[in-house]
Structure formats: C-alpha cells, structure tokens
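New to this one? Here's a quick tour to read with the model open beside you.

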Amino acid sequence: MSTAKLTSSATLLNQFAGNLNQQCPRFRTLPRSSSSPFEGSRRVTSRKGLTLMAKSAPVTDPLEVCAKVSTTTPNRLGDCPFTQRVLLTLEEKHLPYDLKLVDLGNKPEWFLKISPEGKVPLIKLDDMWIPDSDVITQSLEQKFPEPSLVTPPEKASVGSKIFSAFVGFLKSKDPNDGTEQTLLSELAALNDHLKENGPLVNGDKLSGADLSLGPKLYHLEIALGHYKNWSVPDTLAHLKSYMKTIFSLESFVRTRALTEDVIEGWRPKVMGG
Ligand SMILES: N[C@@H](CCC(=O)N[C@@H](CS)C(=O)NCC(=O)O)C(=O)O
C-alpha cells in the first residue's frame, strides 16, 4: 500500500490551528464576512491582534480515501474523474483526508478485500469502506452538511450525458457515425443551461453537479485535444468560461490529475476501440 504524501488543505489547516492554539491559547473566531462560494475562509484573531485568513476546517481525523496512483509519476494521484469528484467534495467541505494510492494495474490483496469490485474511489466512513462516487458524495453531504453542496433536484442531471457522449466520440474510428454530433448537442445543452442559469450549474453557488462535471470536462478537454486534435467550439462561450472557472478553483488544482496521466489513462480505450 502506498499512502500519499499529499495532504488536504484542511489537514494542513487542522495542524496549523493546533500549532496556533499552542502559541496563542485563546484566539477567537470572527463570523464569516463573505457568502461567496469561492471563499470558505474566516478571520482568526488572537489577543495579540494577529489576523489570519484560514479555511474553516472542522476538527476531525483525516478520512481515508483509496485513489488510483499515477501511472507516470511515483507517489502521485492518478487520473480518475470519479475520485477527483470525491476529493473536490472533501476539499470544498474543508474535510481533512489521507490518500491511499492503489495501482489498478496490479491490485493489492488488502484493496480487493475492501473493494470486491476492485474500483476506486473508496472512502472509510464510520469504520465502513464505501464505494462509488454517487454514494460517497451523498454520504458526505449527510454527515457533513455544512457548507452545503446540494444541487437542486431540477438541476441535478444537467450535463449528465456528456461523459458517455465524450467516451463514444473518443473511441469512434468513423468520423460520420454521429458520435461527434451527439457530444456537440450535449455540450450545447449545457452551454444553454449556463447561459440561462450560470455562471455555475446552480447560479453563483458551487454545487455537487459542478464537482461531478468538472473532472469529466477536464478529461474531455485533454483526451480529445490529444487523440483527435478536437476542442470545445468557441461558439459555446458560456461552457468555455465555465470550464475555465472550475479548472481554476484551488480545490480543482489541488486534486487534478497530470495531463500525461489522463492521456495514458485513455490510451487503451482509444486503441482498443
Ligand atoms: N461508478 C463508479 C465508477 C468508478 C470507476 O469506474 N473507477 C475506475 C477508475 S476511474 C476503476 O476503479 N476501475 C477499475 C479498474 O481500472 O480496474 C463511481 O462513480 O465511483
């Protein structure tokens, strides 16, 4: 088993808060001054007047998460969009986590014991290993409701056909089989939704739908760019700006796969058809 060196921002902040507590035993927390979805920060002021910006991290032991290891770089997080969705949820909820990196090409015994399907992501909650990013993100929402990442039900399936349309087009060897057109119409539907309701899926509030879509669009951009020299058309301006916004979130940058891992990860699908 490889336990990643990568530590979540919340883990670091918990450690930092612990140090701060030792140095300045009585600091008080001021209420949040911003309701922006991109700012989960609070002001911490010591009696000496030290003011810091710190993420509001609940003090909890780091959650254990099994994730795919990089196939190109030792001890690095690999290229699984479902795992990134889970990590984004943990980051945005300021929950600390420890990664257990798994070589999916050579699955260890301990992993197959806790994951009979042999799939990542997997998270340990209340001493139970839970698979599947849908189930994991719902469980995290129930157990740690603040800050809420709930997507209103009428918006929950926005963009949900994009991933399968992307895979269909990526694997296609026939330029006239309609797979490109299918993908384009799914992307256009998302663009229309963002134009009406944006800038994010649920207005200006970051929600689970964005955390699910973001990693899939990231894979789409890299894999189609590499294997088909294809990119999202400029006419889908709302979608392009959405992708830029999501890809620049601090949580996204911290949890994204390396470009070369995304390329290598899709190679068997492209070659195998
Ligand atoms: N529906 C699952 C899909 C998980 C999944 O397919 N994970 C892939 C990696 S991205 C996996 O573990 N595949 C097993 C393998 O490659 O052997 C979820 O949402 O978590």
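Among contacts in the protein chain with a separation of 6 or more, 71% are between residues 24 or more positions apart. Keep in mind that this is a predicted model. The protein chain has 273 residues, and 34% of them count as buried. Its secondary structure comes to 10 helices and 8 strands.

**Around the ligand**

- Start with the ligand, which has Lys-68, Cys-80, Phe-82, Leu-104, Gly-118, Lys-119, Val-120, Pro-121, Asp-132, Ser-133 and Asp-134 around it.
- Sorted by class, that shell has 5 nonpolar, 2 polar and 4 charged residues.
- Two members of the shell, Val-120 and Pro-121, are also joined by a cis peptide bond, with omega near 5 degrees.
- To find Pro-121, look in the loop between helix H3 (109-114) and strand S7 (122-125).

**Helix H5 and its cover**

- Which residues of helix H5 (residues 162-171) are buried? They are Ile-162, Phe-166, Phe-169 and Leu-170.
- These buried residues sit on the same side of H5, because they cover an arc of only 100 degrees around the axis.
- As a bit of background, an α-helix has 3.6 residues a turn, so residues three or four places apart point the same way.
- The cover over the buried residues of H5 includes H6, helix H7 (208-228) and helix H10 (259-272).

**How H5 meets H10**

- H5 packs against H10 at an angle of about 60 degrees, and their axes are 8 Å apart.
- That angle falls outside the ranges for roughly parallel, antiparallel or perpendicular, so H5 and H10 are oblique to each other.
- On the H5 side, the contact is made by Val-167, Leu-170 and Lys-171, and on the H10 side by Trp-266, Lys-269 and Val-270.
- The class count for the contact of H5 with H10 is 4 nonpolar, no polar and 2 charged residues.
- Leu-170 turns up twice here: it is one of the buried residues of H5, and it is also part of the contact with H10.

**How H6 meets H8**

- How are helix H6 (residues 179-197) and helix H8 (residues 237-248) packed? Their angle is about 80 degrees, with the axes 7 Å apart.
- H6 and H8 are therefore roughly perpendicular to each other.
- H6 brings Leu-187, Leu-190, Asn-191, Leu-194 and Lys-195 to the contact, while H8 brings His-238, Leu-239 and Tyr-242.
- Counted by class, the contact of H6 with H8 has 5 nonpolar, 2 polar and 1 charged residues.

**Backbone oddities in the loops**

- A cis peptide bond also links Gly-198 to Pro-199, where omega is about 10 degrees.
- Pro-199 has its place in the loop between H6 and H7.
- Asn-75 isn't a glycine, yet its phi is positive, at about 60 degrees.
- You'll find Asn-75 in the loop between strand S5 (63-68) and helix H2 (81-92).
- Why does Asn-75 count as partly exposed? There are 13 other C-beta atoms within 10 Å of Asn-75, and a residue is exposed at 12 or fewer and buried at 20 or more.
- Asp-126 is another residue other than glycine with a positive phi, in this case near 50 degrees.
- Look for Asp-126 in the loop between S7 and strand S8 (128-131).
- Asp-126 is exposed, because it has 7 other C-beta atoms within 10 Å.

Note on methods:
Residues are numbered from 1 along each chain as its sequence is written. This is a predicted model: local features need pLDDT of at least 70, side-chain atom pairs count only at pLDDT 80 or more; totals for chains, interfaces and linings use all residues. A residue is near a molecule or strand if its C-beta atom, placed from the backbone, lies within 6 Å of it. Ala, Val, Leu, Ile, Met, Phe, Trp, Tyr, Cys and Pro count as nonpolar, Asp, Glu, Lys and Arg as charged, and the others, Gly among them, as polar. Axes are lines fitted to C-alpha atoms, for helices over the stretch in contact, and angles run from 0 to 180 degrees between N-to-C directions. Helices (H or I, at least four residues) and strands (E, at least two) are DSSP runs, numbered from the N terminus. Angles under 35 degrees count as roughly parallel, over 145 as roughly antiparallel, 65 to 115 as roughly perpendicular and the rest as oblique. Two residues are in contact if their C-beta atoms, placed from the backbone, lie within 7 Å. The arc is that of the directions from the helix axis to the C-beta atoms.
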